[in-house]
Structure formats: structure tokens, C-alpha cells
Protein chains: 2
Amino acid sequence: MTGQMEYIAALPGAAGTTVTVRGWVQHVRTQGKVAFLVLRDGTGVVQCVFVKSQVTPDVWERFGTLTLETAVSVSGDVRLEPRAPGGAELGASELTVLGASPVDYPIQPKEHGVDFLMDNRHLWLRAPRQVALMRVRHEIEQAIHDFFYARDFIHCDTPILTAAIGERSGLFSTEYFDEGTAYLAQTGQLYGEALAAALGRIYTFGPTFRAEKSKTRRHLTEFWMIEPEMAFYDVHDSMQLQEDLLVYIAQRVIERRRPELVVLERDVKHLEAIVGPFPRISYTDAVATLQQKGSTTTWGEDLGAEDEALLVADYTTPIFICNYPKEAKAFYMKENPEDPRTVLCADCLAPEGYGEIIGGSQREDDHDKLLRRIHEEGLEVDAYGWYLDLRKYGTFVHSGFGLGLERTVAWLCGTPHIRECIPFPRLMNRLRP
Amino acid sequence: MTGQMEYIAALPGAAGTTVTVRGWVQHVRTQGKVAFLVLRDGTGVVQCVFVKSQVTPDVWERFGTLTLETAVSVSGDVRLEPRAPGGAELGASELTVLGASPVDYPIQPKEHGVDFLMDNRHLWLRAPRQVALMRVRHEIEQAIHDFFYARDFIHCDTPILTAAIGERSGLFSTEYFDEGTAYLAQTGQLYGEALAAALGRIYTFGPTFRAEKSKTRRHLTEFWMIEPEMAFYDVHDSMQLQEDLLVYIAQRVIERRRPELVVLERDVKHLEAIVGPFPRISYTDAVATLQQKGSTTTWGEDLGAEDEALLVADYTTPIFICNYPKEAKAFYMKENPEDPRTVLCADCLAPEGYGEIIGGSQREDDHDKLLRRIHEEGLEVDAYGWYLDLRKYGTFVHSGFGLGLERTVAWLCGTPHIRECIPFPRLMNRLRP
């Protein structure tokens with residue numbers, strides 16, 4: 001009697017019945033006449049206990065052949081076991097090898113260098129910590145979709161292949177039939193603005209690209225961004241939305257991914273501290289604070305990662321730094337009517353030194369001011385004709401922001417390097433596997 | 001008294017109160033001493049009624065200046081109006097112009113050629129039909145996420161930039177630092193298989209690319225695909241999942257996007273007919289049927305669009321065509337043990353001539369058979385080392401499929417050309433806007 005096929009995550013609900021689970025061998029250990037097999041199937045991990053006197057000699061012998069990552073099916077009785085991570089264990093009676101695994105499985109339970117692990121990313125992903133990161137990433141993604149769906153935002157997909165538009169340096173390019181060169185989008189924002197005029201409030205959710213030779217732990221050449229764009233939102237409305245979004249995401253992870261946070265050894269108190277209101281600090285005040293703290297940054301310069309860390313050190317929630325100097329920011333940000341040296345923007349910095357996770361602004365909605373900025377930046381005006389049209393035909397107050405997905409995952413999971421926060425990271429020296 | 005700011009979609013719930021709505025002028029008309037303004041704000045459309053005797057002369061005069069796509073705010077009393085599309089209308093008292101719109105707005109209420117409309121895609125998106133298409137697309141996307149989330153599938157993002165792997169022709173390429181050439185992914189499947197070994201059941205949701213000189217109404221160079229991959233699913237389990245998914249999506253659109261279907265003049269009966277079980281027809285039987293119907297297709301050839309249309313003509317649900325000849329399909333499909341000339345695959349064809357919307361298969365899980373197929377296809381074995389590893393270390397029965405998002409939107413909306421089913425389509429002669 002092999003019982004019904006079950007996922008490991010469902011075992012506590014099947015206590016007292018006989019079931020079959022399938023998965024891969026994570027760990028084996030024999031203690032005299034009892035043998036233990038830790039099995040993972042992607043939904044969870046369960047310990048299967050084989051008692052020599054209670055299984056056939058065949059099964060006992062077969063257990064002895066098991067190696068790391070062998071694919072097996074195990075049948076047995078489900079027992080509640082409060083000390084087990086998933087809350088249940090399996091009193092095993094049958095064992096079938098579905099797919100063998102040679103003893104040279106590359107990732108052994110010892111320390112490996114990151115380059116080696118990255119070369120074997122397709123296998124490294126099976127490790128408990130990596131599984132936990134992927135499951136939290138998944139929860140964050142669904143939380144974002146649910147957040148916006150409940151608020152009637154329209155999910156829109158903006159193009160990856162674009163003619164010259166957007167930011168200027170660090171572009172990947174490809175030949176595009178007879179149309180010349182296409183560039184891989186660094187942002188969907190400009191398209192998002194056109195969509196906001198059609199659909200009111202929208203968000204994009206897709207990959208973006210930066211061909212930058214950055215080798216920091218906070219940069220990928222390919223990363224995922226969520227870019228909401230809201231008609232009739234000013235920069236303050238936008239910050240409120242960002243705050244609501246981040247609080248919602250943190251709550252979802254706390255509520256639904258606690259087992260993964262345990263695997264990641266992430267102290268939940270850091271997530272519980274993510275409640276509004278997030279402090280809103282002007283750039284000008286921020287520079288004064290930095291100077292008090294000994295920074296040499298002067299008014300007019302953009303803030304670096306060290307400055308950001310200094311600023312956020314006093315807080316347990318994210319903070320907004322608002323109204324940067326025009327020169328430090330992109331051409332499409334709206335001039336601040338109260339101080340035209342600055343723009344109506346806000347960067348959101350995560351606590352614990354995780355740095356910028358959101359950049360956002362109110363968009364310049366004055367046609368002539370925007371055109372002037374395009375000229376000042378030396379951009380090709382022709383390429384921006386359609387973008388200027390949005391200011392010509394029924395211009396509207398609007399704001400938007402970009403949330404970096406991997407940075408958010410890294411922050412909530414307490415992982416210093418974002419390369420582990422995406423299944424197959426792309427770095428300047430890594431295109432494989 | 002201007003009242004609370006409301007979205008048009010929320011007006012029926014605000015009946016009897018005074019509100020302010022903001023949006024763009026879709027239509028104006030004056031009938032003696034009553035003037036009508038049809039306003040859209042992305043959430044819906046509402047008629048605002050101005051009675052000359054009940055508004056100030058200023059407001060009446062301002063109404064006279066309104067042009068298509070002017071951004072305005074209108075205040076007034078909400079009245080239930082069963083004959084109105086949204087169920088309410090506004091007895092207007094105030095009118096403010098927020099952003100003017102010159103009389104040369106390119107898209108006028110007359111026939112325009114498709115090239116002209118595509119050149120003005122950023123404005124065309126504001127048209128009622130385009131808004132409806134985007135909103136249905138959005139609903140389908142969220143439905144897909146909800147479907148998989150409820151079933152504990154893990155959403156994973158696979159890389160766009162890849163070293164040589166996957167399908168072979170029609171690749172966009174870009175220089176990638178010192179790593180040589182990177183290709184834009186045509187599929188995330190191979191990566192999805194690695195993730196299925198780590199996470200059990202996963203799905204990807206992202207853009208894919210084909211640098212093909214296709215000029216049909218069913219091809220884009222950049223399109224979005226959903227690619228689930230399931231450990232321990234055989235090809236039959238996978239077909240059942242596809243059926244469940246399509247039925248769920250259709251039901252969601254019927255339940256939640258009926259107003260959009262009305263705008264699209266889509267007869268709901270076609271969507272209501274999408275119920276299981278979907279017929280499963282072997283390729284061999286399909287060829288026999290085609291020959292009876294007069295087709296010249298012979299066993300061994302892939303089926304073309306005309307063949308597909310002939311086959312599906314007898315059905316109102318999608319149908320599966322199963323077990324194609326090996327030569328007609330990709331190298332990674334599992335050999336059919338009952339007929340090794342064929343593979344364990346299934347294409348899902350939509351009714352009404354919408355053609356293939358899903359391609360799927362059980363994957364070859366035998367290391368040596370897969371290696372032989374890679375050799376036979378003349379693929380570079382080195383590039384597939386990590387993919388072969390999945391068959392070396394704990395190989396497992398698994399299946400997956402790819403659902404084309406734009407084709408699904410086109411089918412459910414009854415739109416013949418998929419170029420209208422994505423915000424900014426990319427075609428071989430279209431990279432702008």
C-alpha cells in the first residue's frame with residue numbers, strides 16, 4: 001500500500017495516512033538499525049525514517065545506495081512531529097530510486113567559493129538557502145501584483161527593444177532589421193507615462209538592462225523593476241503609495257514566508273519595524289546632516305552609497321530623501337516651483353544599509369520646460385517627439401517610481417549580495433549558465 | 001462645493017453625492033442649452049451633462065473651448081443612469097481645464113490607416129477599443145498569477161541575456177563585455193527545468209524574442225510568454241493543467257471584464273464555450289483527418305496555420321494535437337516509448353481559427369538520449385553541459401509548456417491581429433514609438 005501522492009508541504013494535513021512523496025535526497029544518515037533520509041521536493045523538506053526491522057531487506061539495502069540529489073519516491077505513514085521544520089515526518093516503508101546521482105555531485109556540504117557556486121548555479125539553486133530566497137522573491141512578486149490589482153492599477157508591459165530613448169549611457173544594443181540599432185530598455189517609465197494617460201494608473205513589471213562595468217554587490221546587468229505611473233498623483237501622493245506598498249510587501253513576507261525567513265536566519269523584527277510613516281527628508285537637510293556627521297559631500301552633488309548609509313543609520317524604517325538638485329537627476333523630473341534649482345523627486349532608502357530601493361519623481365508636465373531640458377542634456381529631440389506629445393495633448397500632473405526587485409528581496413531577506421536574489425544573475429563577467 | 005475626488009469607475013457607489021473627476025475629453029456635443037462631455041479617466045467613461053441655466057456663464061463658455069483630449073476636472077452630482085455604460089452620469093456644475101489640447105490631435109473620430117495609428121501608438125492607446133484590450137490583457141495576467149499562486153507554483157524569472165542556448169535561428173544578439181556575444185532569450189524553458197528541480201513546480205512570465213522576418217498577424221519580434229515547468233508531471237498531467245488554466249482565464253475575463261468585452265463587441269458565448277475536457281487528438285489521426293478534408297499534408301511534416309484551422313474548425317473549445325514526429329519538434333522533447341518516431345508533446349490550438357496558443361511537451365529525461373539529440377541537431381554540446389547535468393544528478397520526469405500571452409489576449413478578445421494586444425508592439429518594420 002503506497003498511498004496517495006502528496007507534496008511535502010501538505011503532509012501535516014495528511015497525518016495518520018499512508019502517502020508517497022517524490023523528491024531529491026538532501027541528506028542521509030544511518031544510526032545503527034535506523035536510517036534517516038531528508039527529502040526535498042521544492043514545496044518543503046521532510047525526514048523519512050527507515051527502521052530496519054520494519055522494512056524489507058531490499059528497501060534497507062537500497063537506502064545504502066542513496067547519494068546526494070538522487071531522485072526517489074518514498075512511501076510511508078505521516079506522523080505529526082512538532083520538532084520537524086515542516087511539522088511532520090514519514091515512517092517509511094517503501095523506497096524507489098527514480099533517478100540516480102553519481103557521487104561526484106559538485107556541491108557538497110562544505111564551503112565552496114562563490115565563483116564555483118555561480119558556475120554551478122543550476123545546481124546551487126537546490127540548496128536550502130537558495131530555495132528560501134526564491135520562495136521569498138516569489139511571494140514579493142505576487143504581493144506586488146495583488147497590491148496593485150486591489151487598487152485597480154493596470155499591469156502593462158512596456159517594450160524591451162527600443163529606439164534611442166531613456167537614459168543614455170550603459171546601453172546594450174542589437175541590430176534591428178532595417179530599422180537600425182535597437183537598445184535594451186533601462187526603464188519602461190517613458191512608455192508608462194503614455195499608458196497612464198490612457199489607463200490612469202498603471203505599473204510595469206519586467207527586466208531592465210544596464211551595460212555598466214559595476215562590480216558592486218548591488219548591481220546586476222539585468223534586473224527586474226516595477227515601475228508604477230499614476231495620472232493626477234503629485235510627488236507626495238507617490239511617496240504615500242510607495243510607503244503603502246513596502247509596508248504591504250513586508251507584512252506579506254512576515255505572514256506567509258516565516259519558514260523561509262527561519263532558513264535565512266533573518267530576524268523578523270527588522271521586517272516588523274517596516275511601518276509608516278517613513279521620514280521624508282529634503283536633500284538640503286540631508287546634506288547638512290551629512291556634513292555634521294563628517295561627510296565632505298557638498299550641496300549639488302548626488303549622494304553616494306556611503307552617504308546613504310550614514311543618513312539611514314538613525315532609522316529602522318525606510319526613509320525618503322526629497323528634492324535633489326536638478327543636475328543630479330534625470331531630465332524628465334519636474335522642476336520644484338518652490339526652488340527651481342531642485343526637482344520634485346524622492347529616493348527611498350532601505351534601512352540596515354541596504355541603500356536605494358526606489359527612485360521616483362513627479363514628471364515634468366510643462367511642454368516647453370521639458371523640451372528645454374532635453375536640449376540642455378544634449379538628447380536627440382526627434383526621438384522624444386512622442387514623449388513630448390504627452391505634454392502637448394492634455395498634459396496632466398503625474399508621478400511614478402521604480403522599485404528594484406532584487407534589492408528589495410536582498411533587503412527583506414537580509415542578504416548582502418543581490419546576485420543570490422535572482423535565479424540566474426547576470427554580472428559583467430557572468431553570462432553563464 | 002466641489003466634493004470628493006473620485007475615479008469614474010467608483011461613481012455608481014457615490015450616487016447622490018457631489019464629486020470631482022479628472023480625465024480627458026473623449027467627446028463633446030451641444031444640443032441647444034444642454035451640453036454633453038464624455039470624460040475618460042482610465043478607470044471608465046462618464047457623461048457629464050451641463051445645463052446652461054444651471055451653470056455659471058464662465059463654465060458654459062469654457063465648455064465651448066473644449067477639444068478632444070483636453071485634460072479637465074469636472075465637479076457635479078452623481079446620478080444613477082442605467083442606460084449609461086458605467087451606470088452613472090454627472091450633473092456638472094464646475095469645469096476646469098488642466099491641460100489644453102490643440103485642435104490638431106492626430107487621432108480624430110474617423111478611419112485611420114494602421115501604419116498611421118501605429119506611428120501614434122502613444123496616443124492611439126487612449127481609444128476605447130485599445131483601453132479595453134489593455135484592461136483584458138491585465139486581467140489575464142493577474143488571472144495567470146492567481147491561478148499558479150493558488151496551486152503553490154513558484155514564479156521565477158529566467159534570464160533574457162544568455163550564452164548560445166535554446167533554439168537556434170532568429171536570435172537578436174549583443175556584445176557582452178569580455179564574455180563574447182549574448183543572445184536575447186527565445187524561451188526560459190531550459191532554465192525553468194533547472195528551477196523545477198529546485199522548487200518543484202515553477203512558472204516564468206516574461207518577454208521573449210524572435211528575430212524572424214515574419215509578417216503575419218500572429219507574430220511579434222518581442223512577445224510575452226508564460227512557461228510553467230513541473231517536476232513529476234507527465235505530458236498528460238501537463239495537458240490537464242493547461243486545460244484548467246485556460247478555463248480559469250476565460251472565466252475570469254467573463255466575470256470581471258464584461259464591460260470591456262462589450263466595447264470589443266466580443267460575443268461572450270465564445271468564451272463560455274471554453275470548458276473541459278479539450279479533445280486530445282494524435283498527430284497521426286490529425287493528418288488522416290486533414291487528408292480526408294483535402295489537405296496535401298503528409299505524415300512527418302509540421303502542421304501549418306491552414307492545417308490548424310481545418311482541424312479546429314469542428315470544435316468550440318481548444319484542442320490538443322499530440323505526439324508529433326520527432327523531426328518536426330525541438331530536441332528536448334521526450335521520445336514516445338510507444339512510437340519512437342514521435343515525441344511526447346502537445347500543441348494547444350484555439351478555436352475560431354486563432355491557432356496555436358500553447359506548445360508543450362514532456363522533456364527528455366534520459367541523459368544519453370538527450371545527448372544524442374543534441375549531437376543530431378548539430379548543437380554545441382559544451383553550451384548544454386549544465387542542461388545535461390539535470391539528467392545526470394537525480395533525473396526526473398517533468399513537463400512544461402509555453403503560453404503566448406498576446407495570442408491568448410487576441411483570441412479571448414476576438415481580435416485578429418496580435419499587434420493591438422501589447423502596448424507597444426515590435427514588428428520587423430516597427431521599433432517606434
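## Around A:Arg363

Let's start with one crowded arginine. Leaving aside residues up to four places away in sequence, A:Arg363 touches A:Gln189, A:Glu193, A:Glu229, A:Tyr332, A:Lys334, A:Arg391, A:His398, A:Ser399, A:Gly400 and A:Phe401. The model here is a predicted one. A:Arg363 sits in the loop that runs between strand 16 (355-362) and helix 11 (367-376) of chain A.

Is this arginine buried or exposed? A:Arg363 is buried, and its relative accessible area is 3%. One of its neighbours, A:Gly400, offers a polar partner: a polar atom of the A:Arg363 side chain lies 3.2 Å from the backbone oxygen of A:Gly400.

## Chain A as a whole

Now step back to the full chain. Chain A has 433 residues, and 59% of them count as buried. Its secondary structure comes to 13 helices and 17 strands, and its C-alpha atoms fill a box of roughly 85 × 55 × 40 Å along the principal axes. Take the contacts in chain A with a separation of 6 or more: residues 24 or more positions apart account for 65% of them.

The domain assignment splits chain A into domain 1 (4-99) and domain 2 (121-421). How far apart are the C-alpha centres of domain 1 and domain 2 of chain A? They lie 45 Å apart.

For a contrast with A:Arg363, look at A:Asp178, in the loop between strand 9 (173-175) and strand 10 (181-184) of chain A. A:Asp178 is exposed, with a relative accessible area of 76%. From A:Asp178 to A:Asp244 is 66 residues in sequence and 46 Å in space, C-alpha to C-alpha.

## Salt bridges within the chains

Side chains of opposite charge can pair when their charged atoms come close. Over all chains, the count here is 60 salt bridges. One of them joins A:Glu69 and A:Arg126, with the closest N and O atoms 2.9 Å apart. A:Glu69 is in the loop between helix 1 (57-64) and strand 5 (71-80) of chain A, while A:Arg126 is in the loop between helix 3 (121-124) and helix 4 (128-150), so this pair ties together parts that are 57 residues apart in sequence. Both ends are tucked away: A:Glu69 is buried at 5% relative accessible area, and A:Arg126 is buried at 2%.

A:Arg129 and A:Glu420 form another salt bridge, their closest N and O atoms being 3.5 Å apart. What does this pair tie together? A:Arg129 lies in helix 4 of chain A and A:Glu420 in the segment after helix 13 (405-413), so the bridge links parts that are 291 residues apart in sequence. A:Arg129 is partly exposed, with a relative accessible area of 31%, whereas A:Glu420 is buried, at 11%.

Over in chain B, B:Arg137 pairs with B:Glu141, the closest N and O atoms being 3.8 Å apart. These two are 4 residues apart in helix 4 (residues 128-150) of chain B, which means about one helical turn separates them. B:Arg137 counts as buried at 1% relative accessibility, and B:Glu141 counts as buried at 0%. Back in chain A, salt bridges that share partners join A:Arg135, A:Glu139, A:Asp146, A:Arg252, A:Arg257 and A:Glu260 into one network.

## Where chain B meets chain A

The size of an interface is often given as the accessible area lost when the parts come together. For chain B and chain A, that buried area is about 8300 Å², 61% of it on carbon and sulfur atoms. Which three residues supply more of the area that chain B buries against chain A than any other three? B:Tyr149, B:Phe232 and B:Tyr393, which supply 10% of it. In terms of contacts, 99 residues of chain B meet 99 residues of chain A.

As for charged and polar pairs, there are 6 salt bridges between chain B and chain A. A:Asp104 and B:Lys392 make a salt bridge, with their closest N and O atoms 3.8 Å apart. The two chains also have 47 residue pairs in polar contact, both residues at pLDDT 80 or more. Helix 4 of chain B gives the largest share of the side of chain B that touches chain A, with 11 residues. By class, that side has 52 nonpolar, 22 polar and 25 charged residues.

Key: Residues numbered from 1 in each chain as written. Chains lettered and ligands numbered in written order. Predicted model: local features only at pLDDT ≥ 70, side-chain atom pairs only at ≥ 80, totals over all residues. Heavy atoms only, no water. Salt bridge = Lys/Arg side-chain N within 4 Å of Asp/Glu carboxyl O. Buried < 20%, exposed > 50% of the residue type's maximum accessible area, 1.4 Å probe, protein only. Domains from an automatic or database assignment. Contact = heavy atoms within 4.5 Å. Buried area = accessible area lost by both parts, 1.4 Å probe. Polar contact = N/O pair within 3.5 Å; in protein donor to acceptor, adjacent residues only side chain to side chain. Nonpolar A, V, L, I, M, F, W, Y, C, P; charged D, E, K, R; others polar.
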